[in-house]
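Reader: I have a model in front of me and I am new to this. Can we go through its features one at a time?
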Amino acid sequence: MSVDPIRNRKAATIIVMGVSGSGKTTIGQLIAREKGYVFIDGDELHPPENIAKMQAAIPLTDEDRWAWLKRINANAMALNEKGVTVVVACSALKKVYRDLLRNGIQKILFICVKGSFDRIHQLIGSRNGHFMPVDLLKSQFETLEVPDANETDCVIVAITSLPQEMQEINEQLQVRDL
């Protein structure tokens, strides 16, 4: 009888957060693949109305985000309850959003991918096929509340190179037994 490595530890939720274009999805997919965890792209859980607003370069409001964040939380909790660790790519720009995402989850880690406006503008401008236009990046930076020392379940990883970022993230995951 083989042991399922995904279920071999206490289930957790790892949320890779940051503004659009910061590399959340790429990093989240890598963590999930390397660790054998399930990956959820939070963008895929947006209701059609949110996607339409973003495609029209209209920033989302708190009201627009609540149902989306609750949906992400419910998906993560359902997997955790089955003993599955999940990695989620989700902007989680404000502390109140992170608080909602924490609700009911026993073991959680936020990985905040952080870079300058110019660096992320360059990155977002080079990607194809995403509904989030580069025009909304400024509003994302204006909304962003970078986690502070009081949010002990958050780590900040500077945008450097993907191998460096992953090395730092893997060290943080090891320290937290994730």
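Reader: Which residue in E5 is the bridge partner of Phe110?

Author: One note before the answer: this model is predicted. Strands of a sheet pair through backbone hydrogen bonds, either parallel or antiparallel. Here, Phe110 has Cys154 of E5 as its bridge partner. E4 and E5 pair over five bridges, in the parallel sense.

Reader: In what order do the strands form the open sheet?

Author: Read across the sheet, strand by strand. The order of the five strands is E2-E3-E1-E4-E5, and the pairing is parallel. Strand E2 (38-41) and strand E5 (154-158) each have a single partner strand, so they stand at the edges with one side lacking a neighbour in the sheet. From one strand to the next, the twist averages 20°.

Reader: Which strands does helix H7 lie across?

Author: Helix H7, residues 162-175, lies across strand E1 (13-17), E4 and E5. The angle between H7 and E5 is about 160°.

Reader: How many cavities of 30 Å³ or more does a search of the whole structure find?

Author: The search finds one. Its volume is about 40 Å³.

Reader: Which strand gives the largest share of the lining?

Author: That is strand E4, residues 108-114, with three residues. The full lining is Gly18, Val19, Cys112, Val113, Lys114, Gly115, Ile120, Phe141 and Leu144.

Reader: How do the lining residues divide into nonpolar, polar and charged?

Author: Six are nonpolar, two are polar and one is charged.

Methods:
Residues numbered from 1 in each chain as written. Predicted model: local features only at pLDDT ≥ 70, side-chain atom pairs only at ≥ 80, totals over all residues. Heavy atoms only, no water. 1 Å grid on protein atoms, 1.4 Å probe; cavity = no way out; pocket = protein on both sides within 12 Å on 5 of 7 lines; lining within 4 Å. Points joined across faces, edges and corners; volume = space filled by probe spheres on them. Helix = DSSP H or I, 4+ residues; strand = E, 2+ residues; numbered from the N terminus. Nonpolar A, V, L, I, M, F, W, Y, C, P; charged D, E, K, R; others polar. Pairing = 2+ DSSP bridges. Axes fitted to C-alpha atoms, helices over the stretch in contact; angles between N-to-C directions. Contact = heavy atoms within 4.5 Å.
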